[in-house]
Amino acid sequence: MCRPRPGQRAVTGTTAGVGTARPAHAGDPEHGTLAKAADENFPVAPFFLPRAWRTDLMAVYGFARLVDDIGDGDLAPGGADARLLGAAPGEAQDRLALLDAFEADLRRVFDGTPRHPLLRRLQPTVRRCSLTPEPFLGLIAANRQDQLVSRYETYDDLLAYCELSANPVGRLVLAVTGTSTPERIRRSDAVCTALQIVEHLQDVAEDLGRDRVYLPAADMKRFHVQEADLAAKTAGASVRALVAYEAQRARDLLNEGAPLVGSVHGRLKLLLAGFVAGGRAALGAIAAADYDVLPGPPRHGKLRLLREVGVTLRGEG
């Protein structure tokens with residue numbers, strides 16, 4: 001449900017790495033982007049869902065994946081995506097210009113004919129599910145913010161970012177499956193924000209390499225952590241204490257959002273349980289590593305994930 005991210009991934013978490021298109025699809029931006037679905041931290045459109053849902057979720061995924069690739073500078077080489085978006089030749093490496101062009105093409109989804117094949121693929125889903133522009137614009141705004149903001153002063157500032165970067169995806173899942181209600185949206189937002197925070201904890205070293213720090217500066221100060229401490233090969237006691245503190249916040253959000261699972265039925269219930277369980281399993285792995293995330297994202301096994309799925313389905317979490 002949270003915002004997809006590039007790279008080789010564990011079952012429930014990002015690991016370091018750049019998510020460029022696979023060579024077999026280098027000349028095909030649509031298939032190159034969609035090919036990354038198998039590497040995401042959660043199944044994008046698992047086999048057990050109805051075919052119509054899978055089709056629509058993959059269309060939404062294509063949008064989210066492409067906007068993240070633009071924001072992270074991870075588009076396939078050759079400039080095909082930039083040309084499809086109508087960007088000027090000199091704008092192929094200008095992320096803000098590409099995001100502007102992408103937003104203009106998104107608006108054509110709602111009132112015209114988009115240029116990019118992934119947005120043309122999205123248009124039938126938008127019409128069939130009566131989707132609105134707002135969640136898509138939120139994801140673009142998050143990537144635009146990534147170009148301009150690389151540090152967050154407070155936890156509230158980070159939550160405001162997650163409102164753009166993560167929560168729209170959960171809202172789109174509810175809209176595609178026809179299950180949106182104000183209460184479910186509130187629970188979904190809690191889950192998605194939690195998953196985004198978990199991802200930030202897993203990716204501290206990778207994000208620092210991109211000159212981004214998603215640990216709130218006020219919390220770093222409270223735990224006497226400097227940015228230089230985040231560049232170490234292993235975490236010291238202060239960094240571990242900070243990560244444990246943020247992990248508890250994510251755990252509390254997951255618990256707040258978990259009743260979403262019990263509010264739906266059938267295969268959607270299993271899908272949502274997988275999202276919540278994935279976050280819990282990732283947090284368990286972080287705790288098992290004594291909150292040392294600097295060497296790379298701590299991994300958990302499939303057994304732990306399945307156990308968490310069972311706990312979540314039974315409403316015991």
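## A tour of the helices

Start by selecting α4 and α5: α4 passes α5 in a right-handed crossing. (A crossing is right-handed if the near helix is turned clockwise from the far one by less than a right angle, and left-handed if it is turned anticlockwise.) The model is predicted, with pLDDT of at least 70 required for local features and 80 or more for side-chain atom pairs, while totals for chains, interfaces and linings use all residues. Numbering runs from 1 along each chain as its sequence is written, and side-chain values use heavy atoms, with hydrogens and water left out.

**Stop 1: α4 and α5**

Two packed helices are described by the angle between their axes and the distance between the axes. Here α4 covers residues 95–111 and α5 residues 117–129; their axes come within 9 Å and cross at roughly 40°. That angle makes α4 oblique to α5. As for the cut-offs, under 35 degrees counts as roughly parallel, over 145 as roughly antiparallel, 65 to 115 as roughly perpendicular, and the rest as oblique. The axes are lines fitted to C-alpha atoms, for helices over the stretch in contact, with angles from 0 to 180 degrees between N-to-C directions. Helices themselves are DSSP runs of H or I, at least four residues, numbered from the N terminus.

Now show side chains. On the α4 side, pick F102, D105, L106, R108, V109 and F110; they meet L119, Q123 and V126 of α5. Contact means heavy atoms within 4.5 Å. By class, this contact has six nonpolar, one polar and two charged residues. (Nonpolar is Ala, Val, Leu, Ile, Met, Phe, Trp, Tyr, Cys and Pro; charged is Asp, Glu, Lys and Arg; the others, Gly among them, are polar.)

**Stop 2: the approach to α4**

Step back to E91, in the loop between α3 (80–84) and α4. Is E91 buried or partly exposed? It counts as partly exposed, because its relative accessibility is 30%. The bins are under 20% relative accessible area for buried, over 50% for exposed and partly exposed in between, using a 1.4 Å probe and protein chains only. Beyond its neighbours within four places in sequence, E91 is in contact with A97 and L98. Try a distance label too: the C-alpha atoms of E91 and A101 are 9.8 Å apart.

**Stop 3: the core**

Select F63, I70, F102, L122, F136, L215 and L230, which touch the most other members of the largest nonpolar core, a set of 82 residues. Helix α2 (residues 51–72) gives the most to this core, with 10 residues. Such a core is a set of buried Ala, Val, Leu, Ile, Met, Phe, Trp, Tyr and Cys residues joined through side-chain atoms within 4.5 Å. Center on F136 next: leaving out residues up to four places away in sequence, F136 touches F63, L106, F110, L122, V126, L131 and L172.

**Stop 4: α8**

How many of the 10 residues of α8 (167–176) are buried? Eight are, leaving the helix mostly covered. The buried ones are N167, P168, V169, G170, L172, V173, L174 and V176. Turn on α2, α5, α6, α7 (155–165), α9 and α14 (259–262), which are included in what covers them. Just after α8, G178 takes a positive phi of about 65°.

**Stop 5: α9 and its partners**

Helix α9 (residues 182–202) and α15 pack at an angle of about 30°, with their axes 10 Å apart. That makes α9 roughly parallel to α15. V191, L195, V198, L201 and Q202 of α9 make the contact with F275, V276, G279, A282, L283 and I286 of α15. Sorted by class, there are nine nonpolar, two polar and no charged residues.

Swap the partner for α13: its axis and that of α9 come within 7 Å and cross at roughly 155°. The two helices are therefore roughly antiparallel, and their crossing is left-handed.

Click on E246 in α13 (residues 237–257). E246 is buried, at 2% relative accessible area. Not counting residues up to four places away in sequence, E246 touches Y155, I197, L201, L215, P216 and D219.

**Last stop: two positive phi values**

S130, in the loop between α5 and α6 (134–148), is not a glycine yet has a positive phi of about 55°. S130 is exposed, at 60% relative accessible area. Then jump to D290, in the loop between α15 (266–288) and α16 (302–313). D290 has a positive phi near 60° and is partly exposed at 45%.
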